[in-house]
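Welcome, and thanks for taking a look at this one with me. Please keep the sequence and the 3D view open side by side while you read.

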Amino acid sequence: MNPRVKKIISVKPFVITALWSDNQMRVIDFGIFLAEYFQKKDTVFFKILQPETFSKAKSDGRTIYWENLTEMLDYDGKPIPAPLDFDPDVLFELSQPV
């Protein structure tokens, strides 16, 4: 198992610098690994590739997420807002040490 995102240090357009649980500082360039979604307006990834939305990235001590960007069904089958997050192992593999 790879380290987890301890906290976000900085957020710039499509690039996040984060402190990981192993105390490494690493940079994740979402613009590179989500590049194919810049033109796909009907996808949830297009939403985070908007600078205003991207700047609202958060960490829960495990990964990086954006609140209320997608939906899930509650127990009654009603759609409710849900966060968009990424597997921290994937983020670690896609990141580079600072």
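The numbered points below go from the overall picture to the strands and then to single residues.

1. A word of caution to begin with: what you have in front of you is a predicted model. Please read every value in this note in that light.

2. Let us start with the parts list. The protein contains seven strands and four helices. If you walk along the sequence, the elements come in the pattern β-β-β-α-α-α-β-β-β-α-β. It may help to trace that order once on screen before going on.

3. Next, the overall dimensions. The C-alpha trace spans about 40 × 30 × 20 Å along its principal axes. The radius of gyration is 14 Å, which agrees with the value near 13 Å that a compact globule of 98 residues would have. Of the 98 residues, 34% are buried.

4. How are the contacts spread along the sequence? Taking contacts between residues at least 6 apart in sequence, 44% join residues that are at least 24 apart.

5. Now the surface and the charges. About 6200 Å² of the protein is exposed, and carbon and sulfur atoms supply 53% of that area. There are 12 positive and 14 negative side chains, with the centres of the two sets lying 6 Å apart.

6. In which order do the strands of the open sheet stand? The order is S1-S2-S3-S7, with four strands in antiparallel pairing. Strand S1 (5-12) and strand S7 (96-97) each have a single partner strand and stand at the edges, so one side of each is left without a neighbour in the sheet. As a general aid for viewing, side chains in a regular strand alternate between the two faces of the sheet.

7. Look closer at S1 and S2. These strands run antiparallel and are joined by six bridges; one pair to find is Val 11 with its bridge partner Ile 16 in S2. S1 and S2 form a hairpin with two residues between the strands.

8. Phe 14 deserves a stop of its own. This residue lies in the loop between S1 and S2, and its phi is near 70°, a positive value in a residue other than glycine. Is Phe 14 buried or exposed? With a relative accessible area of 15%, Phe 14 counts as buried, because the cut-off for buried is under 20%.

9. Moving on along the sheet, S2 (residues 15-20) and S3 (residues 25-29) run antiparallel and are joined by five bridges. Thr 17 has Val 27 in S3 as its bridge partner.

10. Asn 23 sits in the loop between S2 and S3. Although Asn 23 is not a glycine, it has a positive phi of about 70°. Its relative accessible area is 54%, so Asn 23 is exposed. Set the two loop residues side by side: Phe 14 is buried, whereas Asn 23 is exposed.

11. Finally, turn to S5 and S6. Strand S5 (residues 64-73) pairs with strand S6 (residues 79-85) in the antiparallel sense, over six bridges. Leu 73 stands opposite Pro 79 in S6. The two strands form a hairpin with five residues between them, and Gly 77 in the turn has a positive phi of about 85°.

Conventions. Residues are numbered from 1 along each chain as its sequence is written. This is a predicted model: local features need pLDDT of at least 70, side-chain atom pairs count only at pLDDT 80 or more; totals for chains, interfaces and linings use all residues. Side-chain values use heavy atoms; hydrogens and water are left out. Two strands pair if DSSP finds at least two bridges between them. The radius of gyration is taken over C-alpha atoms; the globule rule is 2.2 Å times the number of residues to the power 0.38. Buried means under 20% relative accessible area, exposed over 50%, partly exposed in between (1.4 Å probe, protein chains only). Contact means heavy atoms within 4.5 Å. Accessible areas come from the Shrake-Rupley method with a 1.4 Å probe; for residues, only the protein chains shown count as cover. Lys and Arg count as positive and Asp and Glu as negative; His and the chain ends are not counted. The place of a charge is taken as NZ of Lys, CZ of Arg, CG of Asp or CD of Glu.
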